[in-house]
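User: Could you take me through this structure, please? I would like to begin with the domains and then turn to individual residues.

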Amino acid sequence: MSRYFTEEHELFRKSFQEFLQKEVVPHIEKWEETGTIERFIWKKFGEMGYFGLNQPEEYGGMGLDLFYTVIFLEELQKINSGGFAAAMWAHAYLAMTHVNVEASHELKQKYLTPAIDGEKIGCLCVSEPFGGSDVAGMKTTAVKKGDKYVINGSKTFITNGVYADFYVVAAKTDPAKGNKGMSIFLVDKEFGGISATKLNKLGWRASDTAELAFDNVEVPAENLLGDEGKGFNYIMQHFAMERLIMGINAHARSEFALEYAIGYMNEREAFGKTLDKFQALRHSVAEMVSEVEVIKEFNYATAKRLNDGEYVVKEASMSKLLATKIADEVMYKCLQLLGGYGYMEDYPMARMFRDSRLGPIGGGTSEILKEIIAKMVIDKKEYKPAAK
């Protein structure tokens with residue numbers, strides 16, 4: 001056993017692998033082709049407790065340590081559908097995290113429990129058409145009118161945005177205060193005034209990614225998450241988790257791609273010998289495996305610190321920055337190892353190549369992450385979690 005994973009962890013890994021092979025893999029090609037993940041699989045994930053790994057038992061979760069989540073993320077990357085994986089973890093770790101941490105007991109009963117059960121699908125709505133990674137520059141507003149807030153604006157690149165039952169929406173409650181005038185709301189699909197347009201993506205084809213419009217959406221005041229004006233802090237606080245998730249995803253898909261490429265090299269012959277006997281190719285693989293192993297160990301160490309309650313925004317940013325860069329390089333080189341077959345959609349590398357490319361873009365671009373890290377190490381800026 002490693003110092004991060006116990007026997008119980010490994011038993012969970014094996015059972016989750018078996019679940020994915022039985023319940024998910026037979027449907028992947030259909031979902032990739034149609035761009036629609038059928039709702040029955042959400043329910044099956046819920047029945048098995050997979051959406052509640054890190055959620056409180058009070059609301060139907062299991063209250064397990066973060067390394068169960070690490071396993072959940074890693075194994076989702078190894079069935080070759082970045083879109084399916086994203087739909088699952090965006091629900092469980094983007095939308096549900098805000099509900100768990102900031103929602104009232106009543107809202108948790110109404111939304112968190114059915115989200116854990118797979119009965120309701122959630123999404124997080126932060127990015128905007130003209131804002132992208134500039135969270136503080138968002139234009140969506142929430143104006144207080146009596147016992148309601150009225151939300152107007154638009155969001156884009158929202159995973160699960162088309163089929164979601166509830167939206168965790170960031171909006172300006174006091175635009176004059178900049179990022180200190182931002183709040184977070186739990187918006188039910190049934191409130192009306194919400195329209196979703198499905199976006200046509202290069203990769204992650206199985207997931208639904210939407211541009212959303214909010215037109216005078218009336219939200220009860222009790223659906224404010226946490227305190228008014230603290231939305232930016234809440235978003236920043238959870239970015240550490242999101243970035244680490246994407247770093248873990250990157251090392252896991254890199255391992256999967258390398259395993260596939262090595263298997264191919266072992267069977268494919270050229271000039272009277274298998275590809276794995278050519279020194280140039282062997283050394284390329286050796287270099288890639290070394291880089292992936294190093295970033296994986298860093299990701300595990302960062303996950304351990306996060307699990308222990310540390311605020312790891314710098315390390316999580318480093319994780320996403322480097323792991324997604326390494327993953328893209330691994331996909332490029334592994335596709336090259338397959339030669340012409342790497343370029344064929346009938347072989348898995350083409351999809352891996354396309355799916356991986358979102359890594360340095362989603363959840364904060366690599367350029368933004370570099371600036372955040374630079375502020376911390378050069379300007380000595382300190383980011384702190386939102387006050388409880």
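**Domains, salt bridges and backbone**

Analyst: Certainly. 29 residues of domain 1 are in contact with 22 residues of domain 2. Please keep in mind that this is a predicted model.

User: Where do the domains begin and end?

Analyst: The domain assignment places domain 1 at 7–121, domain 2 at 123–229 and domain 3 at 232–378. Between domain 1 and domain 2, the C-alpha centres are 22 Å apart.

User: How much area is buried between domain 1 and domain 2?

Analyst: About 2,100 Å² is buried between domain 1 and domain 2, and carbon and sulfur atoms give 65% of that area. On the domain 1 side, Leu107, Tyr111 and Ile121 lose the most area to domain 2, together 27% of what that side buries.

User: Why quote an area at all?

Analyst: The accessible area lost when the parts come together is often used to give the size of an interface.

User: What about polar interactions there? How many salt bridges cross the interface of domain 1 and domain 2?

Analyst: The rule finds one salt bridge across the interface of domain 1 and domain 2. It also finds nine residue pairs in polar contact across that interface, both residues being at pLDDT 80 or more.

User: Which helices supply the domain 1 side that touches domain 2?

Analyst: Helix H1 (7–34), helix H4 (82–102) and helix H5 (105–117) each supply at least two residues of that side. H4 gives the most, with 13 residues. By residue class, the side of domain 1 that touches domain 2 divides into 16 nonpolar, eight polar and five charged residues.

User: Moving on to salt bridges in general. How many are there in the whole structure?

Analyst: A search of the whole structure finds 25 salt bridges. One pair is Asp165 and Arg39, whose closest N and O atoms are 2.6 Å apart.

User: And within helix H1, what does Arg13 pair with?

Analyst: The side chain of Arg13 meets that of Glu10 in a salt bridge, at 3.2 Å from N to O. Both residues lie in helix H1, three residues apart, which is about one turn of the helix.

User: Is that pair part of something wider, and what else is linked to it?

Analyst: Glu10, Arg13, Glu74 and Glu75 are linked in a network of salt bridges.

User: Arg13: buried or exposed?

Analyst: Arg13 has a relative accessibility of 11%, under the 20% cut-off, and so counts as buried. Its partner Glu10 is partly exposed, with a relative accessible area of 29%.

User: What about Lys304, what is its partner?

Analyst: Lys304 forms a salt bridge with Asp308, with the closest N and O atoms 2.8 Å apart. Lys304 is partly exposed at 35% relative accessible area, and Asp308 also counts as partly exposed, at 47%.

User: Now Asp328, please. Where is it?

Analyst: Asp328 is found in helix H8, residues 313–337. Its relative accessible area is 17%, so Asp328 is buried.

User: Which residues does Asp328 touch?

Analyst: Leaving out residues up to four places away in sequence, Asp328 touches Ser356, Arg357 and Pro360. The side chains of Asp328 and Ser356 are joined by a polar contact of 2.9 Å. With Arg357, Asp328 meets in a salt bridge of 3.6 Å, N to O.

User: What does the Arg357 pair tie together?

Analyst: Arg357 lies in the loop between helix H9 (348–356) and helix H10 (366–377), while Asp328 is in helix H8, so the pair ties together parts that are 29 residues apart in sequence. Arg357 is partly exposed, with a relative accessible area of 41%, whereas Asp328 is buried at 17%.

User: Last topic: the backbone. What is phi for Phe157?

Analyst: Phi of Phe157 is near 60°, a positive value in a residue other than glycine. Most residues other than glycine have a negative phi. Phe157 lies in strand E3, residues 148–159, and is exposed, with a relative accessible area of 57%.

User: And Phe271, where does it lie?

Analyst: Phe271 is in the loop between strand E9 (269–270) and strand E10 (273–274). Its phi is near 55°, again a positive value in a residue other than glycine. Phe271 has a relative accessible area of 81% and is exposed.

Note on methods
Residues are numbered from 1 along each chain as its sequence is written. This is a predicted model: local features need pLDDT of at least 70, side-chain atom pairs count only at pLDDT 80 or more; totals for chains, interfaces and linings use all residues. Side-chain values use heavy atoms; hydrogens and water are left out. Domain bounds come from an automatic or database domain assignment. Contact means heavy atoms within 4.5 Å. Buried area is the accessible area (1.4 Å probe) that two parts lose on being put together, summed over both. A salt bridge is a side-chain nitrogen of Lys or Arg within 4 Å of a carboxyl oxygen of Asp or Glu. A polar contact is a pair of N or O atoms within 3.5 Å; within protein, one must be able to donate a hydrogen and the other to accept it, and residues adjacent in sequence count only if both atoms are side-chain atoms. Helices (H or I, at least four residues) and strands (E, at least two) are DSSP runs, numbered from the N terminus. Ala, Val, Leu, Ile, Met, Phe, Trp, Tyr, Cys and Pro count as nonpolar, Asp, Glu, Lys and Arg as charged, and the others, Gly among them, as polar. Buried means under 20% relative accessible area, exposed over 50%, partly exposed in between (1.4 Å probe, protein chains only).
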